[in-house]
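Biologist: Could you take me through one part of this model up close, and then work outward from there to whatever it connects with? I'd like one joined-up account rather than a list.

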Amino acid sequence: MEDCNHRPHEEQQQPPTSSSPPIGTCCKCGGPTTFAPPPPSPSFSEISPPPTYRPIRAPAIPPDPTSQRAIMLAPIPQSHPVPPLQGYNFVTPTKRIRSTDDISHFHNSDSGKHFLGFIVSLSDSIRGCKISDPCHVSQTVTAIVSILETLTLWVDEIPPVQQAARYGNIAYRTWHEKLVENAESLMMKILHEDVKQAKVEIAAYFTDSFGNASRIDYGTGHETNFVAWLYCLARLEEIVEEDYTAVVSRVFVKYIDLMRKLQLVYCLEPAGSHGVWGLDDYQFLPYIFGASQLIDHKYMKPKSIHNTDILDNFSKEYMYLACIVFIRKVKKGAFAEHSPMLDDISGVPNWNKVNTGLLKMYKAEVLEKVPIMQHFLFGSIIEWYVGFSIPASM
């Protein structure tokens with residue numbers, strides 16, 4: 001038999017005695033050998049310690065617990081009446097926010113307070129209402145819905161192109177270019193004769209409401225622009241407080257439907273998504289309005305989002321449930337893994353706490369974030385107060 005390096009040849013002629021038992025195993029044939037086994041090699045951890053373990057899914061808390069506590073302790077935003085615009089001097093709106101000081105400047109100004117108050121008023125207007133419930137629908141609301149339906153038809157007319165990239169279909173740029181080209185003429189369908197020159201100002205908010213054509217993305221900043229556009233119409237008195245319920249249940253619902261179609265057809269990237277720490281990759285406000293709809297509901301509680309029968313039967317009437325259905329449609333796997341924050345919120349005891357908590361979170365995570373608000377526009381309708389001094393206590 002082939003020498004398997006049990007021992008050098010000259011030593012093998014003297015078989016080992018019983019006092020020298022084999023102390024190893026041949027690596028080739030598996031037979032006994034008197035070679036001493038090699039010294040143990042240092043463990044992997046001694047050579048190179050393993051990298052710090054990072055779970056595939058991040059925990060369902062924001063990276064900064066201090067920020068989370070600040071949100072919880074913050075006062076609940078309150079509704080404010082929208083002040084009518086006094087005097088007309090319409091301009092092309094521009095960006096003003098570049099730093100956290102600018103953010104504080106905005107939120108301590110009348111513009112910031114009234115804008116956030118308008119969002120709270122919209123939330124209050126839909127409290128306890130289903131989407132299909134009868135409500136006052138003005139000519140302006142009807143005109144806005146018609147415009148959104150036109151934009152939806154354009155998606156059908158401009159199909160996605162075949163491309164290697166999975167996200168960001170370039171056909172979206174064609175759709176967005178058509179939006180920009182027609183924006184001012186679309187505004188003319190809403191504005192009364194005495195404020196038609198406002199088209200140059202409000203069209204900028206409108207075109208920024210549907211995503212960015214260069215990056216082919218969409219996020220909560222664009223959604224905020226849509227509400228800013230509605231706020232401008234309120235300041236121009238094209239929308240009045242009586243219209244608020246229809247603005248949410250007819251206009252905003254139609255807007256969200258359009259945005260979901262754009263996301264699916266053109267594969268829009270999420271803009272500035274917080275990933276697993278965020279509420280949603282794209283939207284925020286339908287959760288606020290949707291939670292308001294469900295306040296004091298007799299049967300549906302926050303934990304009801306895990307009930308498939310409830311989702312199937314009531315998602316067309318309640319925005320919050322519709323958001324959950326859409327997420328389950330576009331994301332695979334366990335809900336608690338891909339949407340842990342929503343899963344955590346489902347443990348809140350009632351919808352009123354969900355609504356107020358989301359309002360505070362929206363202010364902190366959207367309206368107070370420079371990366372989002374640096375794109376926000378200011379003109380004569382949403383004013384940037386030059387020389388406004390921030391209180392010393394702030």
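Modeller: Let's start with Ser 209, which sits in the loop between helix H8 (199–207) and strand E4 (217–218). This is a predicted model, so read everything that follows in that light. Ser 209 has a relative accessibility of 0%, so it counts as buried. Leaving out residues up to four places away in sequence, its contacts are Tyr 218, His 222, Asn 225, Phe 226, Tyr 255 and Met 259.

Tyr 255 is our way into the next part, as it belongs to H10 and is one of the residues there that meet H6. H6 covers residues 139–157 and H10 covers residues 244–266. Their axes are 10 Å apart and the packing angle is about 10 degrees. That is under the 35 degree cut-off, so the two helices count as roughly parallel. On the H6 side, the contact is made by Val 141, Ile 144, Val 145, Leu 148, Glu 149, Leu 151, Thr 152, Trp 154, Val 155 and Asp 156. Facing them from H10 are Ala 246, Val 247, Arg 250, Val 251, Lys 254, Tyr 255, Leu 258, Lys 261, Leu 262, Val 265 and Tyr 266. Sorted by class, that contact has 15 nonpolar residues, one polar and five charged.

Just ahead of H6, the loop that comes from helix H5 (110–125) holds Ser 138. With 14% relative accessibility, Ser 138 counts as buried, because the limit is under 20%. Ser 138 and Val 240 are 102 residues apart in sequence, yet their C-alpha atoms are 9.4 Å apart in space. On the way into H10, the loop from helix H9 (220–235) contains Glu 237. Glu 237 has a phi near 65 degrees, a positive value in a residue other than glycine.

H10 has another partner, helix H11 (residues 285–293). Here the angle is about 145 degrees, with 11 Å between the axes, and the crossing is left-handed. Val 248, Phe 252 and Ile 256 from H10 meet Leu 285, Pro 286 and Phe 289 from H11. This contact has six nonpolar residues, with no polar and no charged ones.

After H11, the loop to helix H12 (308–314) includes Asp 296. Asp 296 also has a positive phi, near 65 degrees, and is again a residue other than glycine. Its relative accessibility is 67%, so Asp 296 counts as exposed.

Now for the interior. The largest nonpolar core has 112 residues, and those with the most contacts inside it are Leu 151, Trp 175, Phe 210, Trp 229, Tyr 320 and Leu 358. H10 provides the largest share of this core, 13 residues. Leu 151 is also one of the H6 residues in the contact with H10. Tyr 320 touches Pro 286, Tyr 287, Gly 290, Ala 291, Leu 294, Ile 305, Leu 342, Ile 345, Trp 351, Val 354 and Leu 358, again without counting residues up to four places away in sequence. Among these, Pro 286 is one of the H11 residues that meet H10.

One last stop is Ile 103, in helix H4 (residues 100–107). Its relative accessible area is 6%, so Ile 103 is buried. Ile 103 and Glu 368 lie 265 residues apart in sequence but 6.0 Å apart in space, C-alpha to C-alpha. Glu 368 is among the residues Ile 103 touches, along with Ile 97, Leu 367, Lys 369, Val 370 and Met 373, with the same exclusion of residues up to four places away in sequence.

Terms used
Residues are numbered from 1 along each chain as its sequence is written. This is a predicted model: local features need pLDDT of at least 70, side-chain atom pairs count only at pLDDT 80 or more; totals for chains, interfaces and linings use all residues. Side-chain values use heavy atoms; hydrogens and water are left out. Axes are lines fitted to C-alpha atoms, for helices over the stretch in contact, and angles run from 0 to 180 degrees between N-to-C directions. Helices (H or I, at least four residues) and strands (E, at least two) are DSSP runs, numbered from the N terminus. Angles under 35 degrees count as roughly parallel, over 145 as roughly antiparallel, 65 to 115 as roughly perpendicular and the rest as oblique. Contact means heavy atoms within 4.5 Å. Ala, Val, Leu, Ile, Met, Phe, Trp, Tyr, Cys and Pro count as nonpolar, Asp, Glu, Lys and Arg as charged, and the others, Gly among them, as polar. A crossing is left-handed if the near helix is turned anticlockwise from the far one by less than a right angle, and right-handed if clockwise. A nonpolar core is a set of buried Ala, Val, Leu, Ile, Met, Phe, Trp, Tyr and Cys residues joined through side-chain atoms within 4.5 Å. Buried means under 20% relative accessible area, exposed over 50%, partly exposed in between (1.4 Å probe, protein chains only).
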